[in-house]
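The following exercises concern the interface between two chains, their symmetry and selected side-chain pairs. Each task is followed by a worked solution.

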Number of protein chains: 2
Amino acid sequence: MEGREARDLLERTRTAVTPALRSTVESLPGSLRRVAMYHFGWEHAGGTPAGARADDAIRPALVLATASALGGRPEAALRAAAAVELVHHCTLLHDGAIAEEATPRDRPTAWSVFGTPAAVLVGDALLALGLRLIADDGHRVSGAASARLAACVVELCAGRQADRAFEHRGPRDVSLDACLTTAMAKTGALLGCACALGALYAGARDEEVAAMDAFGREAGLAFQLIDDLIGIWGDAGHPGKPAGADLALHRKSLPVIAALGSGTPAAAELAELYRGPMGADAVARAADAVDRAGGRDWAQIHAADRMARAIDHLSRAVPDLAAAGELLALAEFVTRRSP
Amino acid sequence: MEGREARDLLERTRTAVTPALRSTVESLPGSLRRVAMYHFGWEHAGGTPAGARADDAIRPALVLATASALGGRPEAALRAAAAVELVHHCTLLHDGAIAEEATPRDRPTAWSVFGTPAAVLVGDALLALGLRLIADDGHRVSGAASARLAACVVELCAGRQADRAFEHRGPRDVSLDACLTTAMAKTGALLGCACALGALYAGARDEEVAAMDAFGREAGLAFQLIDDLIGIWGDAGHPGKPAGADLALHRKSLPVIAALGSGTPAAAELAELYRGPMGADAVARAADAVDRAGGRDWAQIHAADRMARAIDHLSRAVPDLAAAGELLALAEFVTRRSP
């Protein structure tokens with residue numbers, strides 16, 4: 001039931017935001033536009049139209065649902081919703097290019113088709129377009145909203161930089177606290193910013209904006225925990241990320257770090273596996289070791305705890321939880337996937 | 001004389017803008033800050049303080065000089081001056097990373113010390129910080145100024161993307177018109193934007209802002225032409241770019257493209273040289289061929305022509321040319337280097 005409500009909301013969000021998003025991307029000069037149109041899935045690499053793809057749209061949905069929940073008009077926040085999505089896609093483009101990921105989604109990444117320089121330059125352009133969409137929308141809060149989105153970009157960059165630094169450390173040299181802080185910056189920050197922008201465009205008071213930011217951040221961390229579980233055990237509804245994907249790449253995801261810090265024999269076994277190559281057999285044994293070391297339970301309990309904190313923040317900004325129905329449905333949706 | 005006035009102005013600009021620039025960079029989270037501090041030359045790679053370096057500061061100087069010339073207070077435009085410099089440094093960081101240039105300035109580039117991912121992420125953060133500096137400065141024009149700077153970023157990206165596309169074409173497959181358009185986007189746009197921001201912060205009318213933008217663009221193109229001449233024949237005052245540097249890299253700079261299109265025997269000779277490896281001997285012969293094919297004369301005459309257009313635009317925004325003394329001195333300075 002909740003799943004259906006969230007899916008309907010995501011679908012309505014796509015319908016509402018895509019025209020602004022697409023016309024912004026189409027405003028790019030030719031050579032940049034072609035790369036961006038491919039990246040968003042609106043064109044094939046050769047420039048012919050591609051069938052629409054159902055992106056998750058969770059960030060713009062949070063902007064619009066927050067604006068509604070706080071008594072604002074979602075239409076006033078449409079540009080902010082598109083702006084958040086443009087920033088998100090800048091991070092996808094740049095992350096793909098710098099990690100040289102070939103196919104994190106359903107088809108080759110933009111950098112692998114058009115080259116790293118094009119991916120970097122188009123990402124820069126999307127970032128500028130996102131900030132521009134808000135900067136001159138003529139709304140009373142546009143300055144504050146634009147500054148907040150820019151500050152969020154800095155936090156996203158810091159989180160991703162910290163995440164990359166972890167890759168070069170031994171599996172036992174990354175603390176769970178550092179890992180949680182990084183996840184908050186890398187994933188929570190933009191979800192929090194999406195909610196804060198929705199609140200700003202609804203004319204909310206500072207403490208409501210702060211509470212919605214905290215709601216988005218905590219929900220974002222829960223989302224990351226579930227995503228990390230999917231990276232180990234997969235999810236039938238998430239075919240882009242097969243079971244074991246994160247383990248095969250030696251990723252120091254949250255359940256792995258929690259398991260490694262458990263002091264159990266399974267933790268020692270996991271650390272040993274992380275030192276070697278990760279074939280199919282090692283992946284299966286590592287997943288089992290994470291489970292036995294308590295990493296899976298910890299992540300599920302911690303995700304539930306973060307979600308409880310999120311709802312606590314939400315209830316401060318929106319005391320009538322009936323008005324917060326859409327936000328609750330979204331939060332539940334992204335944190336109730338299979339594993 | 002003019003050279004001294006401009007040098008003094010650049011020095012005063014550095015004194016005025018560096019505190020805002022540096023405190024903005026120092027506001028970055030640790031891992032990003034270290035890379036940025038190195039990039040700006042304020043720290044060595046290990047994090048120890050480095051002696052101050054005299055960057056050119058031409059872009060912030062244009063912001064402040066324009067604000068003054070139009071009767072504004074330069075202090076009101078200080079954040080805009082720092083913002084333009086942050087955007088410029090984002091392009092330096094990203095261009096270095098995507099071209100894998102090892103030492104375009106006096107020491108190893110940031111990407112070669114800290115890696116491409118760090119350079120991309122720190123560049124993103126500088127871009128966001130630049131747009132943020134303007135977005136929430138509380139000034140009446142901050143929305144318009146922020147939107148203009150963001151639009152300029154898109155143009156810079158398009159210009160750099162077009163420039164890179166030229167690299168993959170044969171030397172005779174790049175037209176002089178396309179090359180001029182690219183130079184305008186890649187170099188002229190940010191100089192024009194710097195002047196336009198100075199005008200906005202001085203409370204100038206739309207047509208004055210447009211005239212100052214056009215002044216900066218034309219002066220920027222003249223600057224690019226002189227820079228291209230230096231890339232072939234060097235400049236005693238510009239030790240970072242030795243004579244022949246652009247030729248050795250097979251760059252399709254403006255004098256080269258003009259020479260190739262001249263229909264002279266020297267053009268055919270140059271095209272032939274560009275098809276082969278570029279040792280010291282080939283570089284010397286190519287420079288000579290550009291000269292004999294008229295590329296050097298064309299670039300000098302065209303730079304003078306662009307400077308005349310620039311001054312024409314300037315006189316529309318600042319009819320009393322005495323008030324425009326600093327801007328004229330800056331424009332002359334950047335286009336009166338040796339070759």
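**Exercise 1.** Determine how many residues of each chain take part in the contact, and how much area is buried.

*Solution.* The structure is a predicted model. Step 1: the contact draws 33 residues from chain A and 33 residues from chain B. Step 2: between them, chain A and chain B bury about 2,800 Å², of which 78% lies on carbon and sulfur atoms. Step 3: on the side of chain A, L121(A), V154(A) and Q161(A) contribute 20% of the area buried against chain B, more than any other three residues.

**Exercise 2.** Characterise the polar and ionic pairs across the interface, then the elements and residue classes on the side of chain A.

*Solution.* Step 1: the rule finds zero salt bridges across the interface of chain A and chain B. Step 2: two residue pairs are in polar contact across this interface, both at pLDDT 80 or more. Step 3: the elements of chain A that give two or more residues to the side touching chain B are α2 (30-39), α4 (78-99), α6 (116-135) and α7 (142-167). Step 4: the residues of that side comprise 23 nonpolar, five polar and five charged.

**Exercise 3.** Establish how chain A and chain B are related.

*Solution.* Step 1: chain A superposes on chain B by a rotation of 180 degrees, with 0.0 Å of shift along the axis and an RMSD of 0.0 Å. Step 2: the two copies are therefore related as by a two-fold rotation axis. Step 3: because 100% of the interface residues of chain A are also interface residues in chain B, the copies meet through the same surface.

**Exercise 4.** Classify the ring pair of Y38(A) and F114(A), and locate both residues.

*Solution.* Step 1: over all chains, the structure holds four aromatic pairs. Step 2: the ring centres of Y38(A) and F114(A) are 5.6 Å apart and the planes lie at 70 degrees; planes over 60 degrees apart count as edge-to-face, so this pair is edge-to-face. Step 3: Y38(A) belongs to helix α2 and F114(A) to helix α5 (residues 110-114) of chain A, so the pair, 76 residues apart, links distant parts of the chain.

**Exercise 5.** Which parts of chain A does the pair R148(A) and D213(A) link?

*Solution.* Step 1: a search of the whole structure gives 40 salt bridges over all chains. Step 2: R148(A) and D213(A) form a salt bridge through their side chains, at 3.5 Å from N to O. Step 3: R148(A) lies in helix α7 and D213(A) in helix α9 (residues 206-233) of chain A; the pair links distant parts of the chain, 65 residues apart.

Technical notes
Residues are numbered from 1 along each chain as its sequence is written. Chains are lettered from A and ligands numbered from 1 in the order in which they are written. Side-chain values use heavy atoms; hydrogens and water are left out. Contact means heavy atoms within 4.5 Å. Buried area is the accessible area (1.4 Å probe) that two parts lose on being put together, summed over both. A salt bridge is a side-chain nitrogen of Lys or Arg within 4 Å of a carboxyl oxygen of Asp or Glu. A polar contact is a pair of N or O atoms within 3.5 Å; within protein, one must be able to donate a hydrogen and the other to accept it, and residues adjacent in sequence count only if both atoms are side-chain atoms. Helices (H or I, at least four residues) and strands (E, at least two) are DSSP runs, numbered from the N terminus. Ala, Val, Leu, Ile, Met, Phe, Trp, Tyr, Cys and Pro count as nonpolar, Asp, Glu, Lys and Arg as charged, and the others, Gly among them, as polar. Copies are superposed by least squares on the C-alpha atoms of residues with pLDDT of at least 70 in both. Rings of Phe, Tyr and Trp (its six-membered ring) pair if their centres lie within 6.5 Å; planes under 30 degrees apart count as stacked, over 60 as edge-to-face and the rest as tilted.
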